[in-house]
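I opened this one to practise reading a fold piece by piece. My notes follow in the order I looked things up.

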Amino acid sequence: MAVEDRERWDKKYRNNHPIPSKVPDVVEKYSLLSKGKKALDIACGTGRNAKFLAGQGFEVDALDISPVALESLKDIPNINTKEVDFDSYVLKENSYDLIVCTYYLNRSLFPQIENALKEDGLFIFETFMHHPDNTKVPSNRTFLLEDGELEITFDDRYQILHLQEFMDTISCGDRAMKASMVARKKRGGVSDDDFWA
């Protein structure tokens, strides 16, 4: 599966697949609340979030499955790229003040993200939701959030600073339901087993 995913994304990036260059508002606004300057951009693509964070003085680890996408971040100061398969890669524990993940949903990473955050670390997340009025989103419902899912999943383990579900107009007039969340890791931590209890 990882090889197929890598080939599919490499092809999109080689063919100049239209990729938004604007940083999501939730990243631009809330990254300022980070208490430190070590950041992780999960599934960074061509690096709009990583570039923005580096420009704000963060040292950014930018991870993605596509070497073609990562090539666009080569030699940019304060950005360290790494080609990874998130089905097998393990995030470094207690390493980041800020973790950003936009438009990539892999629920199995949620416990790892919590472990990778330092105490009081900040997690910024935004992606698509399932909704009957969507006109353009991933066709596989596994890659879509359900109504209220973020609050149910994160409320006990984080202080949720921002949580919004909203219909957004995207490219070519298409509409998509999205959810965005900003959450600060609570002191104390939790094990992977406890996360899903």
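Which residue of β7 does T127 stand opposite? I looked it up: T127 stands opposite A179. Before going on, I wrote at the top of the page that this is a predicted model.

**Entry 1: the sheet**

I followed that pair outwards to its strands. β5 covers residues 117–128 and β7 covers residues 175–185, and the two pair in the antiparallel sense over seven bridges. As a reminder to myself, strands of a sheet pair through backbone hydrogen bonds, either parallel or antiparallel.

Then I traced the whole sheet. Seven strands form it, it is open, and the order reads β3-β2-β1-β4-β5-β7-β6 with mixed pairing. I wanted to know which strands sit at the edges. They are β3 and β6 (158–169), and each of them pairs on one side only. I also noted the twist: neighbouring strands are turned by 15 degrees against each other on average, direction ignored.

**Entry 2: a helix on the sheet**

Next I checked what packs on this sheet, and found α3 there, touching β1, β2, β3 and β4. The direction of α3 makes about 150 degrees with that of β4.

Is α3 mostly buried or exposed? Six of its eight residues are buried, so α3 is largely enclosed by the rest of the structure. I listed the buried ones as R48, N49, A50, F52, L53 and A54. What covers them includes α2 (25–30) as well as β1, β2, β3 and β4.

Just after α3 I came to G57, whose phi is positive, near 95 degrees.

**Entry 3: K38**

I picked a lysine in β1, since I wanted to see where a charged residue ends up. K38 lies in that strand, which spans residues 38–42. Is K38 buried or exposed? Its relative accessible area is 19%, so K38 is buried, as the cut-off is under 20%. That one only just made it under the line, I'd say, with 19% against 20%.

Which side chain does K38 reach with a polar contact? I found D61, with 3.3 Å between the two. Leaving aside neighbours within four places in sequence, K38 is also in contact with other residues, including F58, E59, N80, Y96 and K118.

**Entry 4: two odd phi angles**

I went looking for positive phi values outside glycine. A43 has one, about 55 degrees, and it sits in the loop between β1 and α3. D75 has another, near 70 degrees, in the loop between α4 (67–71) and β3 (79–83). D75 is exposed, as its relative accessible area is 70%.

**Entry 5: the cores**

Last, I looked at the nonpolar residues inside. The largest nonpolar core has 28 residues, and I42, L91, I99, I113, F123 and F125 touch the most other members. Elements that each supply at least two residues include β1, β4, α5 (110–116), β5, α6 (149–154) and β7. Which element gives the largest share? β7 does, with four residues.

I zoomed in on F125 from that core. Not counting residues up to four places away in sequence, F125 touches C101, Y104, L105, F110, L145, L150, A179, S180 and M181. A179 is the residue I met at the start, opposite T127.

There is also a second, separate core of 21 residues, which includes V23, Y30, A54 and L70. I recognised A54 from my list of buried residues in α3.

Key
Residues numbered from 1 in each chain as written. Predicted model: local features only at pLDDT ≥ 70, side-chain atom pairs only at ≥ 80, totals over all residues. Heavy atoms only, no water. Buried < 20%, exposed > 50% of the residue type's maximum accessible area, 1.4 Å probe, protein only. Polar contact = N/O pair within 3.5 Å; in protein donor to acceptor, adjacent residues only side chain to side chain. Contact = heavy atoms within 4.5 Å. Pairing = 2+ DSSP bridges. Axes fitted to C-alpha atoms, helices over the stretch in contact; angles between N-to-C directions. Core = buried A, V, L, I, M, F, W, Y, C linked by side-chain atoms within 4.5 Å.
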